[in-house]
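Trainee: I'm new to this one. Could you show it to me and let me ask how the labels are decided?

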Amino acid sequence: MTFLEIRFIDLVDIFLVAYLMFRLYKLIKGTVALNIFIGIFAFIVFWLLIKSLKMELSSTILDNFVNVGVLAIIVVFQQEIRRFLLLLGSRYNLHNKFSFERFFEGKSAGAGMMNIYIKPVVQACDYFTRTRTGALIVITKNSELLDFVHTGELLNAVISRRLIESIFFKNNPLHDGAVIINRNKIKAAGCILPVSQNMELPKRLGLRHRAGMGITESTDAVAIVVSEERGRISFFQNGRGEYNISAEELEKRLEAAGLTR
């Protein structure tokens, strides 16, 4: 008998745990939750040390904490857990893969539904840079973002440069929220988005930029932000931002994201 027997399934197990830990680290990197996670990890190491030394009183007390540890983790990390589940469902398109509509209609039914006409969006953003008009535009891919759509005013309108410009006109009551575009329609305006807690974002960036990053951290959507102060375009995807890009560069980013036809 060998001292340590390693099976193939053990290697798979180690790989899966390592991958989950890596994804969790990427999810909470730059946020306050990372410090909490490190604190919990240090507590577990200390608990295992106490158990190995057979310190009965300390071990009993810590055991009681560990028994309710799962509930404590859910309470402390509720936002991160929600973001992880949203990311899992939207980034990997689980809804479309296991939906009844896809089963009965076949693969071709949803073909091209992600594509939109991006020219009006790019032209509107170019106008916003020249007039220094603040704007936040979210373009969906696989996830329709219905939870966020219902926080604003439903429009379900055809994409139009003039309509986008009028929505973000400074005297329009909807100009402070986000416009959500889904399946060749301006679905809603004045929508409220989750704000990113990433501490690595530059301090000069305002709530529009943090909301643009926040929605792309937890979904597969892309976000476009035009700064009201500097008139610069920023593009967000997969929780990452590109700042101070031109209208031509924005069009290339949208094409690369598969949002044009």
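Mentor: Sure, let's go through some labels and the cut-offs behind them. This is a predicted model, where local features need pLDDT of at least 70, side-chain atom pairs count only at pLDDT 80 or more, and totals for chains, interfaces and linings use all residues. Residues are numbered from 1 along each chain as its sequence is written, and side-chain values use heavy atoms, with hydrogens and water left out.

Trainee: Why is Cys125 called buried?

Mentor: Buried means under 20% relative accessible area, exposed over 50%, and partly exposed in between (1.4 Å probe, protein chains only). Cys125 has 0%, so the label is buried. Cys191, at 4%, is buried too.

Trainee: What makes Lys119 and Glu251 a salt bridge?

Mentor: The rule asks for a side-chain nitrogen of Lys or Arg within 4 Å of a carboxyl oxygen of Asp or Glu. Here the N to O distance is 2.9 Å, so the pair counts. The two sit 132 residues apart, with Lys119 in helix H8 and Glu251 in helix H12 (helices are DSSP runs, H or I, of at least four residues, numbered from the N terminus).

Trainee: And which exposure labels do those two get?

Mentor: Lys119 has 47%, so the label is partly exposed, while Glu251 has 17% and is therefore buried.

Trainee: How do you know that Asp176 is exposed?

Mentor: Its relative accessibility is 57%, so Asp176 counts as exposed. Asp176 also meets Arg208 in a salt bridge, at 4.0 Å from N to O.
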